[in-house]
Structure formats: structure tokens, C-alpha cells
Amino acid sequence: MAEAVRLRVYTIPPHRAFADALAAGLIRMHGKDALGLARGIVLVPTNRTARAIQDAFVRRTAPGLLMPRLVPIGDPEIAETLGSALDPIGQGAEVPPTIPPLERTMRLATIVQRVRGRMGDPVDAGEAVRLARDLGATLDQLLIEQVDPRKLPESVEADLSAHWQVSLDQLDAILTEWPAELAKLGRIDMAERRNRLLGHIAERWREAPPPGFVVAAGIASTAPAVAAVLRTVSRMENGSVVLPALDITMPEAEWDALGPHEPDPDTGFRKRAIETHPQFALKLLLDRMGVARGEVARWRWGGGRDSPAVRTRAIGNAMAPAEFTGKWNDLPPRERRLSGVRGLELATPAEEAQVIAIAMREALEEPRRTAALVTPDRALARRVSAHLKRWGIDADDSAGRPLSEEPPGTLLIALAEAAAERFAPVPLLALLKHPLVRAGEARGGWLNAVRRFDIAMRGPRPRPGLDAVTAYLGALLANVRDREKSALAGTLDWWKEVAALLAPLEQAASRTKDLPGLVAAIREAATRLAGDAVWSGPDGREAARFVADCEAQSALGPADATIADLAPLLTHLMADIAIRPPQGGHPRLFIWGVLEARLQQADLMILSGLNEGVWPNLPAPDPWLAPRLRAELGLPGLERRIGLAAHDLASALGGRQVLVTRARRDASTPAIASRFWLRMEAMTGGLTRAPRFKAWAQSIDRGETVAPAARPAPRPPLADRPRHISVTRVDRLKADPFAFYAQSMLKLSQLDPVDAEPSPAWRGSAVHDILEDWFHGDQCDPDKLVQRAETLLDASDAHPLMRALWRPRLIEPIRWMAERVRAQIAAGRVPIAAEIDGEIEISGVTLTGKADRIDRREDGTLAIIDYKTGQPPSPAAVEAGFAMQLGLLGLLADRGAFDGVEGETKAFEYWSLGKDGDGFGYVKEPFRKRGEIEITPDNFVAHAASVFANAAEQWLIGEEPFTAKLHPEYAPYGEYDRLMRLQEWYGRGDG
């Protein structure tokens, strides 16, 4: 009878610090001999875990004591790392090398583009790369679970919906080509190489175990190749497996309920496994190792940083399968209390970050105390890191950031986007303001020039291209006032230098159709703009390596790439490159991602972001394999990932002191509490709160009580008040004197948006330009008005989309206007002036105005016409003493202010280009037949003169204060509302 194999499988419960407990146990077992530890091998999950265990050994070993060799089991070169432990190498030498990741993505993208095109579903280069990245992840999962991708169609029994069947057909075609491509190159996928190396290790160690001890510590991967190695190690004479947080006290009924279950022999029905449970993955691993849970022992040694053992039982109870949660009512209080775990619900992520930073800062008040933030929310981690800098604490996020979010990566993307949009204002300004552009001593002068350029580019988008921007600035220079010419000329000269730097990129973008050439053009443009700054530092060096690899490998990528494909392509590729902060952060405060936190503990563990979609997170869907198909193949799905997230949380909850936080809403919407948060709240009856952190967070930025601002009413000296006013500003002076004060005396004006949408103001300017040129160039010939409009619109610098959107809204009313002018000329009414300026002096105030058009009527009197692109003012406004523009223009005409125009004004008309019934265009007078105040064409000029004189006497030659919103019903524009702090006093009743 064969001798029973003694298994050495252990677990370290959550209430013990894994790395410290492991180090303590190994030192007790093998540290008596100075070389005892050095002869051993410790297999760990990741490099980060290796560093954590190394730190634990350093804290405990005496000087001169050598540590064991720490080997990440996921290392693709694990055979070389283990070295003599695998001698003779044997089969390891026969494992082909892996295909480099970027080359793999490019080759897969080429195949994807070719297969999709052949099947009538073509994709561009950027989309092909995105699909190739997802395809690579799917292939890796198939290889890790040892599902042969070539046999995938044979393994599928499910009837799929049409779109999933199309994806499967495409995947089948791709998987037919990919193995042949790898064979031709003499390479294999990295996951396949890792499988073969781990298989060789398992086989070799079964035959000839290493001379020293071997410990597989903290490995929870269920991959068959990993499970085979753990199975071998657990049966070696000097081997042992130490699992993280396996619940060996979990009731047997609950353990069996987890699954996976065998089909019912009678019905064939298979009960669904509870993959969302934190113990499911460990149960699956034990099954693949051939180990029963009863054969697993508790690791005897503690790490000296442990919490009470009852915490482990409470965590296990909180995570009980749903059908067993009824036991919560019968548990002893100490087994459901989660003593040492406190919870905080905050209003927003901003408040949550502030609370976390304060809690971490407080931890430093106690000597040698450590604190760690663990969260899957990288935005929250960055916020906390920024808050800690308030106290001079450098605690960067050790999970790192994608290269696509680091300055060198964003500069490369900004260049690609600007070139793809042919240097439209928004992407162009984003590029020129990038923090790496002209970094250093020249940065200040550069930003000043960019700000002046920004102001010049405000308004509708010019035509595309660098030359079009130059022409646009030249046109602005020709039309600005003399005092502004010098500054704008300087901006134009500066821009010409910038355009020379960007011109090679523009040329490459228009001519180059291959990815290496486009990437090279982006690299050269980045160097011209930013110099060595873009390639310096950890992120810059990684960007340089990426660009070099991309230039070398992108020739293997999709064909017919354009500059429009480059920005998404670079974004997708750089998202896989993590930039981690260099060593040297704070020695006692840490910010970890969930992966980095595995097997690590601090004295204070802060677990944050406990909302659905964050912890647990929602992974991106697989575009290649349907969820049902993934389940049939045994690939990990969403539920398995939730179970892993639950295990990470359960392990972290074992810390000595734990603070759990969540925000009730995210940046835009209310947030749903994590299922894990709800379980803890339900079992404990409500987690113990930590109100002092919230109170400190709310008070730290709270200043003294500030009384609301009073209604502003500045009263400048009489000598400083303006003596010039345009007819268009009289309404503002009366309705909102403060706005007039801000505009005319403080010289503040609202900037147009960059790349502005086609607005009524733009349309109005276009109409005035058309009609002015028509009057002066065509002598008001109605037959030439529409033609003139078409010509000016075609020559406009406006973006083609803007012209296309607004052309129908302009041409139709202009056609109406031409017909109306034709009829009036036939009746004897003739236009005699257009866009004409005039001024007069009244009581020491100069009144200026520009008439859109003046007609000579049949009886010799004048008609003042004002063009409107929208709704004209109502007669009620005129009766209230507003909308005096036409009357004041009539006053200027009557007093001979317009050169060449003589006569008495007897008609006042608004010509609106707005919609009128089914058509466009109508004429409206600013009077009504009956009103409280009788205003007619005969007395309108006199009434307007009286209104103006009264206003001038109060605010221009008088000392009346410029009170804000004096008549808000006639002050519809709000560009100065913030300046007057409107919301603080308006409607309060005491302003």
C-alpha cells in the first residue's frame, strides 16, 4: 500500500498581516542557520508582493542574515530567475521566445482589419488597434485557462444572437491565421510561454525538488498551470503553500454551496456557483490542487501587527452567501460587531478625499504608526495625494497612471488631435498651452503670447489649416483700431514662428499614409515644441521607449492609416503602459491600488470608494465572446471578478484599525452603495462612525462668516464719467447702470467662446457686411443682392459647417429683402445711405450712432431702418422709455449728423430676418396704435431726445450712482452678473 502524501498547505487569516506573519514563520523555521533562509525559494504573486515580503524580512532579520530568493510566479522569464533550482534546464530551453507586446498588438490589428474587411465590416486603423487589444486580452484568458483557441468553435454549443455569431465567425477566422503567423515568426504568446515554463517547473520539481525549502506564498490564481505548480510544491518534502485568507472555519454547508456543482444525475441541471463570494476562487484553486479544505492548517506564527482573531470570524460572517445571512440574527455580538472597523459616508468625492487625507495626516502624530489608502478609484487616489501635499507630504499613488494620462503622453495625443482637426482653435490652443511646451525659463513669455493668441482666436472657427489661421489673424489686423494694431501685429509675428514649427507635421498629416511616418512626424513635432522636457523623467523616458517601439513596430500594423486614426491609436496603446512613481515617498503613508494592497497591511487601513461600479468595479465587456459563451468555456466572468474584489476587501478588513468610506454621489449622479458596504451595515446594524474626521474636513477650509454682498452702486467722480455714448448703449445705461459702468468705464467685455457656434450675433454681422457691400458696390440693385450674399458667404472665414447651417437662414430673408426693396424703389422710395456713422453733442455729451440704412421716401422725408436677425423690441419697451435706438438715430439725422443726408425723419422700421409664418422676413414699427403714452412717428424723435437727456443728466453729467439691475426686465444680458454678485443680493429685499 502506497504511503499517504503529507500535504503542507497553510493559510494566514485576514486578522494577521500576511507578509509579517510569513516572514516571522520562515525565520523561526529556517533562520537558525545563517544560510538557512538563503537556500530557500519563495514564490509570490507579483513583484510588488515580493517587495512587501522583503520589507517584512528586513524589519525582522538580524544584520548579516541572508533572505530567501523571492520569485514572482507570473514572471515570463521565471526559468532564468529560478536558475539552479531548475538545473538541468532540459525542456525549458525548448520554449520559444514570446512575441513583444506592441508587435503582437500591431500584427493582431492587421489581421483584424483584414478579416473584418473581408467579411464586409471594415474598420479604420484606430478601431482595429482597439479591437486587437481586446482580442489579445481574450486570447490570454483562453491560454491561461488552457482552452485551445483553435478549437473554440467546436466547444460552443449555445445558440448565439446574430451579432455575437458574427463576432464568433470573425474570431474563428482570426484564430485560424494567428497561430500560423506565430509559427512563421518562431514565437509564442506570453501566456503560452508562461504556461509551458510553469508546466516544466511542476514536472521538474516532482522528479527533482530543489535542495532548499520552497514556499508558495499568497498566490490565489486559479490558472491551471499555477495550480499545478502549487500542487507539486504542497507535496514536496521541503515545500509548503501558504494561501491568503482562506476561511477554514466557514460552516461546511456554506462552503459546499459555493460550487462549482456537478450536474444533477436525473435532470442534468447544474446549480449555479456563487462566484461572487470571496472564497470561491480559493475553493476552485484547492480543487485544482487536489486539496481538501480540511487538509489546510492555520499558519502558526503572527506578525506582531495583528488585530483580534474575532475580526476574521466577523468578516467571514459578513461575506456569508445570501441564503445563509439569516444567521446574522443569532450571532454573538462580538462575531458581528467588526470592532476596530469604522465607516464614513460623505457627500461628495471631494469631501471623501479631504477626510481620507486628514485621517492619514493624523496617523503621523503617533510615532512609527503607518497608514495606507486602498482604493480602485484612481481619481480619488490622486485627490488624496494632492491634499496631502498641503502638509508637505509626498504620497503618490503606487498603482501608477497610464502613460496616456502623463504629460508626455498627453502631448503626443494633443499633437495628433490638432493635426487631425487641421489645427482648429480648440485642439490648437490645448496643444500650445500644454505644460511641457517651452517648459523652463521661456515658459512665462510663451504663455503670455499664447494668451494673446487665445483672445485673437475667439469667435467662429476659421478655415482649417495653418495658413488659414495666418490669414485670419491678418484680416483681424486689417480691421482693428489703431491702438490695438501693435499688439495684434506682435501676435501675428509670433504665430508665424509657431506655424513654422508645426508646418512639417501638417505636411506629413496630409501626405503620409503609413503609421511609422505619422509617428515620426509626431515625435519630431514634440521635440520642436518641448525639447528634451518631453523625453525626461520616468514618464518621458517611457514615452521615448514607446515612440521608438511604435516607429519600429507600427509598420506591421493596419494599412492606410491616416492622421485621424493616430490619436485614438496612441491612446489605446499607451493605456497599457503604467507609470509608477519613483521610490522615495513618505515612509509611513502609502496609497495602494487593490492589486498593490494584496498581502500588505498598515496600522491604519483606509478602504475607500465603496460604491457599485468602483468596488467592485465593472470591467469593460468583451467584444469578441458573449458572456454565455465565456461561461461555457470556463473563462472568468463578471461574477468571478466581483468575488476577487470581495476577497481583496475581506483581506484588507483584517487590519488593526480600518476606516471604510464612500461618497453618496459621484461627479455627476447619485452613487449606489457597494454590496459589500450594505452587507457590513446590515450585519452590524450600522458601522461605527468616525465623526471627528468629517467635522475636521468641513472646518479646515471654512473661513469666517461672510455677509452677502450688497447691491453694487458705484458712484465715480463726475470728472471720470464718460462723455461719449453710443445710441446702442443708452438702454443699458438706463436698465442696468452698473453693466454700463463695467463696460464703458472699467473697459470689461465678455470674451467670445473659442470655436464659437454660429450665433445670431455672427449672423447679424454677416447680414450687415452683405448689405453694406450691396449698397456701396451694387448701388442697391435688387437683382444683385442675393448674388452678393452668396459671394460673401463663400468667401467668409467661417467654418464650412457654420456656413452650411446658416446659409438657408440668411439667403431666404435676403431674397425677401431684395423683393421688398425692388417694390419700394418702384414706388419711389430709394435707399440713400447704409452703415453710416454720425455724432452730435447734447448738453456736453457726444451721442454717436451708426444707421444700418436710411431711405428717402416718396414725400422727401427720411426713413431709418435697423436690421434685426431676431425679435425686434416691443412697443411696450418704447413706451417704458427703452428701445430708443431708432428715435436717437432719427435725432442724429434731423440734426445733420450723417454726411450727405438731409431731411426730417418720419418713418422708423425694424427689418427682421426672423421667421414670419411660413417664410422669413418682416417689417415692424416700434409703435402701437393705442398705448398709455401716445408715441407716433411725428413725436418719436422728440421723445427719444427727452429720454436721452434725462439719462445723461442722471449718470453722465450728474452724480447718480450706477446701480445694478435698476430695471431687470429690460436688462436681459448677464455677462456682468458675477461681477455684481447678483445671486447674493437679488431678490433679498434689502438691495
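Are F738 and Y741 buried or exposed? Both are buried in this predicted model. The two residues belong to helix α29, which spans residues 737–745. They are 3 residues apart, about one turn of the helix.

Aromatic contacts were examined across the model. The count comes to 16 aromatic pairs. One of the pairs is formed by F590 and W592, whose ring centres lie 5.4 Å apart. Their planes meet at 15°, so this pair is stacked, the cut-off for stacking being under 30 degrees. The two partners differ in burial class. F590 is partly exposed, with a relative accessible area of 25%. W592 is buried, and its relative accessible area is 3%. The pair in helix α29 has another geometry. The ring centres of F738 and Y741 are 5.9 Å apart, with the planes at 45°, so the pair is tilted. A pair of aromatic rings is described by two values, the distance of the centres and the angle of the planes.

Aromatic residues also group together. W446, F453, W494 and W495 make up one aromatic cluster. A charged residue joins the picture at W446. The charged end of R438 sits over the ring of W446, 5.3 Å from the ring centre. A second arrangement of this kind involves R853 and W911. Here the charged end of R853 sits over the ring of W911, at 4.3 Å from its centre.

Enclosed space was considered next. The model holds 2 cavities of 30 Å³ or more. The largest has a volume of about 110 Å³. Its lining includes P14, A245, L246, D247, H277, P278 and Q279. T312, I315, G316, M319 and A650 also line this cavity. Helix α12 (residues 310–318) gives the largest share of the lining, with 3 residues. By class, the lining has 7 nonpolar, 4 polar and 1 charged residues. D247 is the charged one, because Asp counts as charged.

The second largest cavity has a volume of about 30 Å³. It is lined by V310, R311, A314, R334, L338 and S339. By class, these are 3 nonpolar, 1 polar and 2 charged residues. The charged residues are R311 and R334, because Arg counts as charged. V310, A314 and L338 are the nonpolar ones, because Val, Ala and Leu fall in that class.

Definitions and conventions
Residues numbered from 1 in each chain as written. Predicted model: local features only at pLDDT ≥ 70, side-chain atom pairs only at ≥ 80, totals over all residues. Heavy atoms only, no water. Phe/Tyr/Trp six-rings, centres within 6.5 Å; stacked < 30°, edge-to-face > 60°. Buried < 20%, exposed > 50% of the residue type's maximum accessible area, 1.4 Å probe, protein only. Helix = DSSP H or I, 4+ residues; strand = E, 2+ residues; numbered from the N terminus. Lys NZ or Arg CZ within 6 Å of the ring centre and 35° of its normal. 1 Å grid on protein atoms, 1.4 Å probe; cavity = no way out; pocket = protein on both sides within 12 Å on 5 of 7 lines; lining within 4 Å. Points joined across faces, edges and corners; volume = space filled by probe spheres on them.
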